[in-house]
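Q: I'd like a close look at the largest pocket, please. How do the residues of its lining divide by class, and what supplies them?

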Amino acid sequence: YEHVGELLRKINENKLEGFGVVKVENGALKGKFDTWKENWEDQKNHDRKSLDFAINNNFVTLEEAKMIEEIHKEITALDFGQASLIHRDMHHGHFFIEGTNISGIIDLGALTASDPRYDIANSLVFQNPREQEHFKKGYGELAYEPMVNKYLIIIAIRKIFFRSKFEIQGKVDLLTPILKK
């Protein structure tokens, strides 16, 4: 997992113009939106549905939901400079191991231009504490920033909604402790 963290950092070191889903424009990858705020607010309706689902199904209380809404506003207001290339789905099922080395990474269909802290958080979601520590060590200093935990909360709400909606069993119960922590 330390090596996975290093690889994700290398992916995230690639800077892109724009934010959001990437497209090829003049031979280069570019995000769909000009600003971070436009990109994040484009997801607002989905995040509202996800949060309402979490409230209605007792994954969070109304008080916790208000805290999550504040985190969403804080993320909307971020100004972190130029976007990074984001894998968005770096987990054990998307890298190949040969011996003790990672020999390949797959599932590049979700690439976006975004904040690397989002990618870090998304990678941490289903890792156990030991894997998380190794991953963070491999990624480096940015993996320890408090904003990573705030992204983790938003991601957990999104994944609870998605996994419940599509009846993906076995992982929803792993997401609620992230919210409570």
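A: The lining of the largest pocket divides into twelve nonpolar, eleven polar and ten charged residues (Ala, Val, Leu, Ile, Met, Phe, Trp, Tyr, Cys and Pro count as nonpolar, Asp, Glu, Lys and Arg as charged, the others as polar). This is a predicted model, where local features need pLDDT of at least 70 and side-chain atom pairs pLDDT 80 or more, while totals for chains, interfaces and linings use all residues. Numbering starts from 1 along each chain, and side-chain values use heavy atoms, without hydrogens or water.

In total, 33 residues line the largest pocket (an open set of 1 Å grid points where a 1.4 Å probe fits, with protein on both sides within 12 Å along at least five of seven lines; lining residues have an atom within 4 Å of a point). Nearest its centre lie Arg88, Tyr118, Asn122, Arg158 and Lys159. The space inside comes to about 880 Å³.

As for who supplies this wall, α7 (146–165) gives the largest share, seven residues (DSSP runs: helices H or I, at least four residues; strands E, at least two). Strands β2 (19–25), β3 (28–33) and β7 (112–114) each bring at least two residues, as do helices α2 (36–42) and α5 (116–124).

For contrast, look at the second largest pocket, with about 650 Å³ of space. Of its 22 lining residues, Leu152, Pro177, Ile178, Leu179 and Lys181 are closest to the centre. Its lining has 14 nonpolar, four polar and four charged residues. Here α8 gives the most, five residues, and α4 (62–76), α6 and α7 each supply at least two. Happily for a guided tour, α7 thus appears in the linings of both pockets.

Conventions. Grid points are joined across faces, edges and corners, and a volume is the space filled by probe spheres set on the points.
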